[in-house]
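Trainee: I am new to this structure and would like to go through its charged pairs. Please show it first.

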Amino acid sequence: MPPKLTAQLRGALSKQLFAWVAGPDGAQRRDRMVTAAGPRYFGEDRPIRVVHGDASMFVGGLRALLLQSLHPLAMAAVAGHSGYRGDPWGRLQRTGHFLAVTSFGTTADAKAIIAQVRAIHSRINGKAADGRPYAASDPHLLKWVHIVEVDSFLRAYQRYGAAKLGPGEDDAYVADAAKVARALGVVDPPVSVAEVHEQIAAYRPELTGTPEARSAARFMLLNPPVPLLFRAAYPALGASAVAMLPVWARLPLRLPYLPVTEAVTVRAAGEVLTRTLRWAMESPAGAAA
């Protein structure tokens, strides 16, 4: 492909990707975050900035949503209040903005957005289909959402990231994420990879594949509300996310387990996808969007 055409394609992909993830006000919010004066919530050398700044977050994010849906109360809160069907892009953009500010923003901005989220959580409550009450501010549910995100983002980065984390940096990433979790109201979040695995195992008796969870999985995997430019690549994203799910999570969501295909074909497709996304994210056109 001629260099000029390659540059144009890269710029178009970058602008569309940024608009999809950040929304119409994304450029202004990014510029404010980058130029804001004051100490950062996390220093430039912290692993959370490495992991959360990589294209592997797309795979990790989808994997987290699928796994989180197995907790009936967490799924009820999502189905009843998140707008994931009616406004899926809005939810993606709000989540992306929160991760960006808490990972790269100033301490003041990070604390402000955490306070906003806590205020929103305080208003989200209801009853699941089985009659049990739920509240988004419940520390137990908050911890489930947190540990699944940490596990998913870290696994995706270690598999598809630009570079692997060094010895001890995986635990340091978990400890970084725990700082945000505590501020959000999580009690005793894990501070090491081993603790993440232990805490996920402790939640397993509470997990089940509800109709709402399976419906959400079908929506996220088969009916993705993604921009036209990314429609052809989305199956690779979905397959890569599913391939990183533990086997025990597949059956409740009625998702297949194909170890040979996942180890060879899906792994290769995921690597191509994340390299392409990283290439687009690093485009000068995207930086100027």
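Trainee: How far apart are the closest N and O atoms of Asp151 and Arg63?

Mentor: This is a predicted model, in which local features need pLDDT of at least 70, side-chain atom pairs count only at pLDDT 80 or more, and totals for chains, interfaces and linings use all residues. Residues are numbered from 1 along each chain as its sequence is written, and side-chain values use heavy atoms, leaving out hydrogens and water. A salt bridge needs a side-chain nitrogen of Lys or Arg within 4 Å of a carboxyl oxygen of Asp or Glu. Asp151 and Arg63 form one, with their closest N and O atoms apart by 2.7 Å.

Trainee: Which parts does the pair tie together, and how many residues apart are they in sequence?

Mentor: Helices are DSSP runs of H or I with at least four residues, numbered from the N terminus. Asp151 lies in helix α8 (residues 139–160) and Arg63 in helix α4, so the pair ties together parts whose separation in sequence is 88 residues.

Trainee: Is Arg63 buried or exposed?

Mentor: Buried means under 20% relative accessible area, exposed over 50%, and partly exposed in between, with a 1.4 Å probe and protein chains only. Arg63 has 2% relative accessibility, so Arg63 counts as buried.

Trainee: Which residue of α14 forms a salt bridge with Asp54?

Mentor: Asp54 has a relative accessible area of 7%, so Asp54 is buried. Its partner is also buried, at 13%. With the closest N and O atoms 3.0 Å apart, Asp54 forms a salt bridge with Arg278.

Key. Helix = DSSP H or I, 4+ residues; strand = E, 2+ residues; numbered from the N terminus.
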